[in-house]
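Let's take a friendly walk through this structure together. Have the sequence and the 3D view open side by side, and turn the view as we go.

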Amino acid sequence: MNDPRKGREAEPTTHFGYQNVPESQKAQKVAEVFHSVAAKYDLMNDVLSGGLHRLWKRFTIELSGVRRGNRVLDIAGGTGDLTRQFSRLVGESGEVVLADINSSMLKVGRDRLLDKGVAGNVRFVQADAEKLPFPDNHFDVVTIAFGLRNVTHKEDALRSMLRVLKPGGRLLVLEFSKPSNALLGKAYDAYSFAFMPLAGKLITNDADSYRYLAESIRMHPNQETLKGMMVEAGFERVTYHNMTGGIVALHRGLKP
Amino acid sequence: MLGTALLASAEHALNRLLRLDGTAQPRLARLGGRVIAVRCTAPELALHILPNADGLRLASHWQGEADCTLHAPAASLLRLAASRQKTAILHSPEVRLEGDSASLLALAEILEDLELDWEYELSRWLGPVATQLFAGSLQHATRWSGQSLASLRQDLADYLGEESSTLVGRHEAEARFAEVDDLRLALDRLEARLARLAHPQEPRDNA
């Protein structure tokens, strides 16, 4: 006979920031964070990064090598920073899909892009990165910017991204990482755990979400580990570029 | 990262400037999707230009292939940026083009043809009446400066040539130069004759 209590105990756990939570609860908890911050997400990005997130994303676009007519998937696209620029580059003959698991972020992104006149070659899809609802070999470029650390099963997500990429297609993972300098690391820790929750409290009246952000960054795999995970998932010629002293890293891999 | 930040700032300023010409953006949109690489040979630098409907996108590392690559030293690139006759510089010998040069020539033509409607931009900030007053005053000041400069130049030339006799006038100088030329020619002939008298040629054997 099945014992339901035993079943709950047997459920594997994962990290949510510094907490361990059952895997089935992580997505819900991450969703709550993003529902809470969606309205002021762009403002907070500018405040917390001092505008640097625009340069990190700009470099991501440069390394994507996107051309007219390409099909691009922007996973965890949020408020559509990358999608807007990809939309210009692929032109009318191409297509950009902005996918996000969070409906609030997707709604903010869609409204913001429409307000800026970005339409025609952009589709909005609510999708889970682990189970992408697209055919095999469909996209020329897949990007995920500041999204992978929130995914429960990162290996499954990377395999799903590999599946939807065309052979020769590029995956670009832009994510917080580990500073290469110990002194910078200490300063960054002090900034993350003191200033970020305070700014979250003052601007969005939600310190917990920004405490989670700082914690989730520390729990995310470092540069070499993520590179190994991408190789393990099946990507070739995996390289990464550290930015701002390794606070952020851009990983790039090709589908064979 | 610093280079990326500088390029982003330059791109922002350039696109604001391009917006002042109503015809530039539609013409740039027709070049959308093209990638123009500029490789400075001395010093070694690379820049990628991607025209689009919003202006130009500038990138230092572009992973895709370029449609056209321009190789030139920094001096030629600076002349290219500053000159109104961009196409003439593109055909100079120190500049080398690879790939589809039509894209680059079309971009150069668009930049040559720029006519910035600064009065429109100013009117957005100051309003039509203040802009009209400011533009009228500026045109008047420009005209007055031009006339004053021409008048000053003429007065200075008159003073130096006629009153103080420090310099000679152009016609007088040309007459003297012609006389000097004639004298030099006569002297050359005289020298040749003296040389011939000093070294008489031996009689030729016509047999």
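What follows goes from the overall build of one chain, through a helix and a sheet, to the place where two chains meet. Please keep in mind that this is a predicted model.

Let's begin with chain A as a whole. Chain A holds 10 helices and nine strands. Its radius of gyration is 18 Å, close to the 18 Å that the globule rule gives for 256 residues, so chain A is as compact as a globular protein of that length. If you lay the C-alpha trace of chain A along its principal axes, the spans come to about 55 × 50 × 35 Å. Of the 256 residues in chain A, 45% are buried. The contacts tell you something about how the chain is connected, too: among those in chain A between residues at least 6 apart in sequence, 68% join residues at least 24 apart.

For a close look at one buried element, find helix H5 of chain A, which covers residues 81–90. A residue is called buried here if 20 or more other C-beta atoms lie within 10 Å of its own. By that count, 10 of the 10 residues of H5(A) are buried, so this helix is largely enclosed by the rest of the structure. The buried residues include Asp81(A), Arg84(A) and Arg88(A), along with Leu82(A), Phe86(A), Leu89(A) and Val90(A). Just after H5(A) comes Gly91(A), which takes a positive phi of about 70 degrees.

Now move over to chain B and look for its sheet. This is an open sheet of five strands, in the order E3-E2-E1-E4-E5, with mixed pairing. Strand E3 (55–59) and E5 of chain B stand at the edges with a single partner strand each, so one side of each has no neighbour in the sheet. On average, and ignoring direction, neighbouring strands of this sheet are turned by 20 degrees against each other.

You can follow the pairing strand by strand. Strand E1 (residues 36–40) of chain B runs antiparallel to strand E2 (residues 45–52) of chain B, and five bridges join them. One residue pair to pick out is Arg39(B), whose bridge partner in E2(B) is Ala46(B). The link from E1(B) to E2(B) is a hairpin through four residues. With strand E4 (residues 68–72) of chain B, E1(B) pairs in the parallel sense, over five bridges. There you will find Cys40(B) opposite Ala72(B) in E4(B).

E4(B) deserves a pause of its own. Four of the five residues of E4(B) are buried, so this strand is largely enclosed by the rest of the structure. E4(B) also pairs with strand E5 (residues 96–99) of chain B, this time in the antiparallel sense and over four bridges. Two residue pairs mark that pairing for you: Leu70(B) has Leu97(B) as its bridge partner in E5(B), and Cys68(B) has Gly99(B).

From the sheet, turn to helix H1 of chain B, where you will find Leu7(B). Is Leu7(B) buried or exposed? It falls in between: with 19 other C-beta atoms within 10 Å, Leu7(B) is partly exposed. Leaving aside residues up to four places away in sequence, Leu7(B) touches Leu58(B), Ala59(B) and Ser60(B). Leu7(B) and Ala59(B) are 52 residues apart in sequence, yet their C-alpha atoms are 7.0 Å apart in space.

Finally, let's see how the two chains meet. Across the interface, 13 residues of chain A are in contact with 13 residues of chain B. Helix H4 (residues 52–64) of chain A gives the most to the side of chain A that touches chain B, with six residues. That side of chain A is made up of four nonpolar, four polar and five charged residues.

How do the helices cross here? The axes of H4(A) and helix H1 (residues 2–18) of chain B come within 10 Å and cross at roughly 95 degrees. That angle makes H4(A) roughly perpendicular to H1(B). On the H4(A) side, the contact is made by Leu55(A), Arg58(A) and Phe59(A), and on the H1(B) side by Thr4(B), Ala5(B) and Ala8(B). Sorted by type, the residues of this helix contact are four nonpolar, one polar and one charged.

Notes:
Residues are numbered from 1 along each chain as its sequence is written. Chains are lettered from A and ligands numbered from 1 in the order in which they are written. This is a predicted model: local features need pLDDT of at least 70, side-chain atom pairs count only at pLDDT 80 or more; totals for chains, interfaces and linings use all residues. Two residues are in contact if their C-beta atoms, placed from the backbone, lie within 7 Å. Ala, Val, Leu, Ile, Met, Phe, Trp, Tyr, Cys and Pro count as nonpolar, Asp, Glu, Lys and Arg as charged, and the others, Gly among them, as polar. The radius of gyration is taken over C-alpha atoms; the globule rule is 2.2 Å times the number of residues to the power 0.38. A residue is buried if 20 or more other C-beta atoms lie within 10 Å of its own, exposed if 12 or fewer, and partly exposed in between; C-beta atoms are placed from the backbone. Two strands pair if DSSP finds at least two bridges between them. Axes are lines fitted to C-alpha atoms, for helices over the stretch in contact, and angles run from 0 to 180 degrees between N-to-C directions. Angles under 35 degrees count as roughly parallel, over 145 as roughly antiparallel, 65 to 115 as roughly perpendicular and the rest as oblique.
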